Every structure is written in C-alpha cells, then in structure tokens.
Amino acid sequence: MASFERAGWDELVPYPVDYRADGILDDIDWDLAGHLDTLDLAIKEWVGIWAYAASGR
C-alpha cells in the first residue's frame, strides 16, 4: 500500500487476494519441519517489505 500511496494512488482499498489463514490456528504446534512452507512464505513477504523500504519505494 505504501508503494501505491507514494505513486499518488491514495484512494485504493486493500483487498486480500491470497488468503491462507483457514484453519491456521488448528495447526499451531512445535513441528518446525511440518511448517517450513509457512515460514518460507513469511520470510519472503518480510524480505519484500524490507527491500521496498530500503529502496525508498
């Protein structure tokens, strides 16, 4: 959203398009190997956010 706002698109409304939280609270446990795909997705999202912030976008 911050990237679009900096580009002048202030009227946008965020809409979730890749919703993956269905039943996520049912699977909370200490099985790290079983949840590496979720960890991989989260790391990629945070790296993308940090990269945008570092590049000034």
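**Helix α2 and its surface**

Leu36 sits in helix α2, which covers residues 36-55; helices here are DSSP runs of H or I at least four residues long, strands are E runs of at least two, and numbering goes from the N terminus. The model is a predicted one, with local features needing pLDDT of at least 70 and side-chain atom pairs pLDDT 80 or more, while totals for chains, interfaces and linings use all residues. Residues are numbered from 1 along each chain as its sequence is written, and side-chain values use heavy atoms, with hydrogens and water left out.

Overall, the protein has 2 helices and 0 strands. Of its 57 residues, 0% count as buried (under 20% relative accessible area; exposed is over 50%, and partly exposed lies in between, with a 1.4 Å probe and protein chains only). About 5600 Å² is exposed by the protein, and carbon and sulfur atoms supply 61% of that; such areas come from the Shrake-Rupley method with a 1.4 Å probe, and for residues only the protein chains shown count as cover.

Back to Leu36: it counts as partly exposed because its relative accessibility is 44%. Leu36 also helps make a nonpolar surface patch of about 840 Å², along with Leu32, Leu39, Ile43, Trp46, Val47, Ile49 and Trp50. Patches take residues with over 30% relative accessible area and no salt bridge, joining nonpolar side chains (Val, Leu, Ile, Met, Phe, Trp, Tyr) within 5 Å and like charges within 9 Å.

As for salt bridges (a side-chain nitrogen of Lys or Arg within 4 Å of a carboxyl oxygen of Asp or Glu), the count is 1. Asp40 pairs with Lys44, their closest N and O atoms being 3.3 Å apart. Both belong to helix α2, 4 residues apart, or about one turn of the helix. Asp40 is partly exposed at 39%, whereas Lys44 is exposed at 55%.
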